[in-house]
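Reader: I've got a fold open and want to talk it through. Could you walk me round the inside?

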Amino acid sequence: MLTVPSLPLPLLSVVVPVRNEVGNVGPLLADIETACAQVGAFEVVFVNDGSTDGTAAALAALATSRPWLKIVGHAQSCGQSAAVRTGVRHARAPIVATLDGDGQNDPAFLPAMLTALQGAGMQAGLVQGQRVGRKDTGFKKLQSRIANGVRGRLLKDGTRDAGCGLKCFRREAYLALPYFDALHRFMPALMVREGYQVVHLDVRDRPRLSGVSNYGFFDRLWVGILDLVGVWWLIRRRRRVPQIMPEAQP
């Protein structure tokens with residue numbers, strides 16, 4: 001019987017949530033492959049969040065020649081936070097990076113994000129991208145600026161662009177966070193709550209490769225007031241993070 005050799009454990013898993021992005025998955029995957037070639041063993045996890053176009057078929061075709069590409073599908077769209085969590089749960093690497101599936105997040109920054117997380121030590125849980133040169137419309141940029149301003153003043157996490165999809169974090173730390181819809185927009189504040197440091201890295205924004213936005217107004221740009229207040233409450237209720245003492249030697 002022919003046995004297929006198992007892939008080495010990757011150093012980095014790149015998780016990409018997509019919904020109706022048939023025109024973007026191929027070019028984006030090529031950019032990720034080019035960027036990650038310099039980081040060592042890696043894998044890419046695309047989460048097809050209930051697409052109704054040709055995204056599933058396009059991903060299946062791409063996977064035939066890429067053993068490091070994993071595809072996970074939702075039977076129906078569950079939103080970006082749910083898709084990210086599904087991808088992280090299926091990831092094998094101890095460090096995970098995420099980026100949006102529309103091509104606006106430039107994968108060229110992935111190696112720098114990985115290096116920044118490793119260089120900051122185990123006390124760092126997250127490298128948060130912060131976009132410069134935004135390619136959105138003026139109205140969308142205004143919405144994002146207001147939402148980030150309100151969130152930042154209330155949560156005081158030192159992050160000016162929590163909505164940027166380019167993130168690099170320790171898988172174990174992410175899975176320990178309380179899960180709820182829109183979690184991906186509160187990760188800096190929640191990482192700080194858990195006692196981790198957050199590193200910020202300026203990243204370049206690109207125009208959308210093709211198509212239109214597939215996540216709704218509230219899911220993509222605004223955080224619900226209940227979510228914001230809920231995270232504020234979680235932060236206020238957090239007690240001192242336990243520091244585990246080393247075992248006594250006999």
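Author: Here is a short chat about the overall make-up, the cores and a few buried polar residues. This is a predicted model, where local features need pLDDT of at least 70, side-chain atom pairs count only at pLDDT 80 or more, and totals for chains, interfaces and linings use all residues. Residues are numbered from 1 along each chain as its sequence is written, and side-chain values use heavy atoms, leaving out hydrogens and water.

Reader: OK, how many helices and strands in the protein chain?

Author: Nine helices and seven strands. Both are DSSP runs numbered from the N terminus: helices are H or I with at least four residues, strands are E with at least two.

Reader: And what share of the residues is buried?

Author: Of the 250 residues, 50% count as buried. Buried means under 20% relative accessible area, exposed means over 50%, and partly exposed is in between, using a 1.4 Å probe and protein chains only.

Reader: Which residues have the most contacts inside the largest nonpolar core?

Author: Val14, Val16, Ile32, Val44 and Phe46, in a core of 32 residues. Such a core is a set of buried Ala, Val, Leu, Ile, Met, Phe, Trp, Tyr and Cys residues joined through side-chain atoms within 4.5 Å. At least two residues each come from S1 (12-18), H1 (25-36), S2 (42-49), H2 (55-63), S4 (95-98), H4 (110-120) and S5 (124-132). H1 gives the most, with five residues. Apart from this core lies another, of 27 residues, including Val88, Tyr174, Leu183 and Ala189.

Reader: What is Phe46 in contact with?

Author: Beyond its neighbours within four places in sequence, Phe46 contacts Val16, Val18, Val25, Leu29, Leu59, Leu69, Lys70, Ile71 and Val72. Contact here means heavy atoms within 4.5 Å.

Reader: How do H1 and H2 pack, then?

Author: Their angle is about 35° and their axes are 10 Å apart. The axes are lines fitted to C-alpha atoms over the stretch in contact, and angles run from 0 to 180 degrees between N-to-C directions. From H1, Val25, Gly26 and Leu29 meet Thr55, Ala58, Leu59 and Leu62 of H2.

Reader: Switching helices: is H3 mostly covered or mostly open?

Author: Mostly covered, with nine of the eleven residues in H3 (residues 80-90) buried. Among them are Gln80, Arg85 and Thr86.

Reader: Now the polar ones. Why does Gln128 count as buried?

Author: Because its relative accessibility is 0%. Gln128 is in strand S5, and a polar atom of its side chain is 3.2 Å from the backbone oxygen of Cys164. Leaving out neighbours within four places in sequence, Gln128 also contacts Met113, Asp161, Pro188 and His200, among others.

Reader: What about Asn24, where does that lie?

Author: Asn24 sits in the loop between S1 and H1, and it counts as buried because its relative accessibility is 0%. Its side chain makes a polar contact with the side chain of Glu21 at 2.5 Å. A polar contact is a pair of N or O atoms within 3.5 Å; within protein, one must be able to donate a hydrogen and the other to accept it, and residues adjacent in sequence count only if both atoms are side-chain atoms.

Reader: Last one: which side chain does Glu43 make a polar contact with?

Author: That of Ser13, at 2.6 Å. Their C-alpha atoms are separated by 4.9 Å, although the two are 30 residues apart along the chain. Glu43 is in strand S2 and counts as buried because its relative accessibility is 3%.
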